[in-house]
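Thank you all for coming; I would like to walk you through a structure that may be new to most of you. Please have a look at the sequence and the model on the screen, and then I will take the parts in turn.

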Amino acid sequence: MIVVFNIEKALLFMIMFRLIGGSIEVTAAMLMLKFNDLEKAFYINTLLALVGPFILIATTGIGMIGLAEKISLTRMICLFSGIVLILVSMRIN
């Protein structure tokens with residue numbers, strides 16, 4: 001059993017989102033293995049393409065909100081711009 005003392009709420013939510021996202025990824029891999037069908041695996045993988053960016057945006061947003069008073073507005077804009085560039089680069093062929 002893990003005992004957590006004095007953990008920030010933002011950090012706890014980030015951890016929870018990452019654990020949920022990882023669990024979804026592992027579950028999807030197990031479903032692909034169970035179905036043993038390339039077409040179904042392709043559909044499952046397509047659904048995962050929606051989960052990954054959502055988890056990235058959610059955890060980063062929570063982290064930025066948690067750090068709002070600790071980092072400057074310019075730095076926040078740079079971080080957000082970096083995330084947007086990552087998401088755009090995933091869509092470019």
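Before I say what covers what, I should fix one term: contact here means heavy atoms within 4.5 Å. With that in hand, and keeping in mind that this is a predicted model, I can say that the cover over the buried residues of α2 includes α1 and also α3, which runs over residues 73-91. Seen from the other side, the cover over the buried residues of α1 includes α2.

Let me begin with helix α1, which spans residues 9-35 and so counts 27 residues. From its first C-alpha to its last it reaches 39 Å, close to the 39 Å expected at 1.5 Å a residue. Within α1, Ala 10, Gly 21 and Ala 28 are buried.

Leu 19 also lies in helix α1, but Leu 19 is exposed, with a relative accessible area of 56%. Leu 19 belongs to a nonpolar surface patch of about 750 Å², whose other members include Ile 7, Leu 11, Leu 12, Phe 13 and Ile 15. Met 16, Ile 20 and Ile 24 are also among the residues that make this patch.

Further along the helix, Thr 27 has its place in α1 as well, and at 44% relative accessibility Thr 27 counts as partly exposed, because that value falls between the 20% limit for buried and the 50% limit for exposed. A polar atom of the Thr 27 side chain lies 2.7 Å from the backbone oxygen of Ser 23.

What follows α1? The helix is followed by Asn 36, whose phi is positive, near 50 degrees. Most residues other than glycine have a negative phi, and I therefore pause here, since Asn 36 shows a positive value in a residue other than glycine. Asn 36 lies in the loop between α1 and α2, and Asn 36 is exposed, with a relative accessible area of 69%.

We now come to helix α2, which has 29 residues and reaches 42 Å from its first C-alpha to its last, close to the 42 Å expected at 1.5 Å a residue. The buried residues of α2 include Ala 41, Ile 44, Leu 48, Pro 53 and Ile 55, and further along Ile 62, Gly 63 and Met 64.

Two other buried residues of α2 deserve a moment of their own, and I will take Thr 59 before Ala 58. Thr 59 sits in helix α2, residues 38-66, and is Thr 59 buried or exposed? Thr 59 is buried, because its relative accessible area is 4%, and the cut-off for buried is under 20%. Leaving out residues up to four places away in sequence, Thr 59 touches Met 14, Phe 17 and Arg 18. With Arg 18 there is also a polar contact, side chain to side chain, at 3.4 Å.

Ala 58, likewise placed in helix α2, is buried with a relative accessible area of 15%. Although Ala 58 and Arg 18 are 40 residues apart in sequence, their C-alpha atoms are 9.5 Å apart in space.

Finally, which residues does Leu 56, also in helix α2, contact beyond its neighbours within four places in sequence? Leu 56 is in contact with Arg 18, and with Ile 83, Ile 86 and Leu 87. The C-alpha atoms of Leu 56 and Cys 78, which are 22 residues apart along the chain, are separated by 16 Å.

That is where I will stop, and I am glad to take questions.

Note on methods:
Residues numbered from 1 in each chain as written. Predicted model: local features only at pLDDT ≥ 70, side-chain atom pairs only at ≥ 80, totals over all residues. Heavy atoms only, no water. Buried < 20%, exposed > 50% of the residue type's maximum accessible area, 1.4 Å probe, protein only. Polar contact = N/O pair within 3.5 Å; in protein donor to acceptor, adjacent residues only side chain to side chain. Helix = DSSP H or I, 4+ residues; strand = E, 2+ residues; numbered from the N terminus. Expected span 1.5 Å × (residues − 1). Patch = residues over 30% accessible without salt bridge, like charges linked within 9 Å, V, L, I, M, F, W, Y side chains within 5 Å. Areas by Shrake-Rupley, 256 points an atom, 1.4 Å probe, with all protein chains shown as cover. Salt bridge = Lys/Arg side-chain N within 4 Å of Asp/Glu carboxyl O.
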